[in-house]
Every structure is written in C-alpha cells, then in structure tokens.
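User: Please take a close look at one part of this structure for me. I would like to see how its aromatic rings and helices fit together.

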Amino acid sequence: MNGVHDMGGMQGFGPVMPEPHEPLFHAGWESRAMAMNVAMGAAGQWNIDLARAARESLPPAVYLSSSYYEIWVRALEKLMLERDMVTATELQTGHMHSQPLPIARVLNAQTVDAALAAGSPTLRESVGPALFAVGQRVRARNIHPQGHTRLPRYVRGHSGTVVQTHGSHVFADRHVSQSLPPFDSHAEWLYTVVFDGAELWGDAADPQVQVSVDAWESYLEAVL
C-alpha cells in the first residue's frame, strides 16, 4: 500500500542522521517491547508480513508521531485485538479480565535462543525456471496495491539491473491474504536489482549513488 511508512526518497523529512555510539535500546521499555513482539510472534497467530502490515496500516498521524518501538507496540495491540487475544479494557487497565485464548506455541526462556537461531526461513522449492537473469535490465512495475507490498514506491516505473538471484521465497504480498493460520506459502523467484540514483531522482542525484532492492518476480518486467 502507499502510506507514510514508505518514506524512501520523500522530501521534507530531512537527512538521515546516524547517532554515534547508538545504544541497542534507548529506554528499558523498548527491550520489553521487542521481547513481547518476539514472544507473541512465536505463538504462530500471525506471520512476519502480517506484523509488518499492521505497523504500516496505523493511522498516519499515529505512525509519524510514534517512535520505532512505539509503532511495534501499537501494531501488536492491533494484531491481538483482531484475534480476541486481548480486550480494549485490558489494554487500558493493564489487567487481565478474561481467560487467555489457547495458542499453538509458547516461547519460554529456555527456548528463546533456539527459536531465534532457527528463525522463519522463507526459501521454498522453485516451481519453474527464473524469468530474469543476472545482468538483465528490468523495470519495476508501476503498481499501487491496496494491501501489503515490499516494492518501494520510489523505484516503481524505474529501470535497474539484476545483480543476484536468491531462489524462490514466500511472496510477502500474498502472505498477508489470510489473517489466521495456516498461512499461504506461495513462493516466487526473488532478485536483487540495482538502480542508479539518477534513474530514480534525476540529474541532481549523486552520480555515485546506487540503490539495491530485493524484488519478487511479479514486481518486475523486462526492459526490451
């Protein structure tokens, strides 16, 4: 979807200012926010793309006025409310008022390291040959889907060069089509495409700037 979360190349937000010696967390609650997201994600009630979609679909004013981990917490609340895993009253009071719903998996202290190391691999067996090859010129399709997409808005309609193929991976846009498990694992070929800065932003762009984007096959079309 086109939303305020897709900030790449947008004017008015100023330059990105790296923070020297940036701490892993700026406040104690941020580490707890991450822990809650990891624990609830492991419960298997949504996938990573549904979590991303929940964050990017927050109201624009809420999204822009929230810090990184505030966005994570607000999206987690949204996901849990949609699945009746928490009530609005419980979120407001901070106290449980009803029995928790049963879930498929529970992450505990003894299984955290193994779960994080295993991750959630998205590589799948290819169902056919890759449509594009390394070195081939391609164009990012000028699409504006209503739902979740991983194709940045600023590359749509622009041409680049395929520099790597990654095999077939679960297609993020379709991965959000079901709100509850079992989730659709439809896969497409995934490519890294490099775009020149001048192609994206015109002659005023730094001629040395290049942007690499991982793009699924249906995002791309051949440049003839």
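Analyst: What follows starts at one ring pair and works outward to the helices.

This is a predicted model, so local features need pLDDT of at least 70, side-chain atom pairs count only at pLDDT 80 or more, and totals for chains, interfaces and linings use all residues. Residues are numbered from 1 along each chain as its sequence is written, and side-chain values use heavy atoms, with hydrogens and water left out.

A search of the whole structure finds nine aromatic pairs. Rings of Phe, Tyr and Trp (its six-membered ring) pair if their centres lie within 6.5 Å; planes under 30 degrees apart are stacked, over 60 edge-to-face, and the rest tilted. One of the pairs joins Phe25 and Tyr69. Their centres are 5.8 Å apart, with 50 degrees between the planes, and the pair is tilted. It links distant parts of the chain, 44 residues apart. Phe25 sits in the segment before helix H1 (28–42), and Tyr69 sits in helix H4 (residues 68–82). Helices here are DSSP runs (H or I, at least four residues), as strands are (E, at least two), numbered from the N terminus.

How covered are the two residues? Buried means under 20% relative accessible area, exposed over 50%, and partly exposed in between (1.4 Å probe, protein chains only). Phe25 has 25%, so it is partly exposed. Tyr69 has 11%, so it is buried.

The rings do not stop there. Ring pairs link Phe25, Tyr68, Tyr69 and Trp72 into a cluster. Arg55 lies over the face of Trp72, 4.4 Å from the ring centre. For such a charge, NZ of Lys or CZ of Arg must be within 6 Å of the ring centre and within 35 degrees of the ring normal.

Now the helices. The axes of H1 and H4 come within 9 Å and cross at roughly 35 degrees. Axes are lines fitted to C-alpha atoms, for helices over the stretch in contact, and angles run from 0 to 180 degrees between N-to-C directions. Contact means heavy atoms within 4.5 Å. In H1, the contact includes Trp29, Ala33 and Met40; in H4, it includes Tyr69, Trp72 and Leu76. The contact residues divide into 10 nonpolar, one polar and two charged. Ala, Val, Leu, Ile, Met, Phe, Trp, Tyr, Cys and Pro count as nonpolar, Asp, Glu, Lys and Arg as charged, and the others, Gly among them, as polar.

Helix H2 (residues 48–56) is mostly covered, with seven of its nine residues buried. Arg55 is among them. The buried residues of H2 pack against H1, helix H3 (60–65), H4 and helix H7 (172–175).
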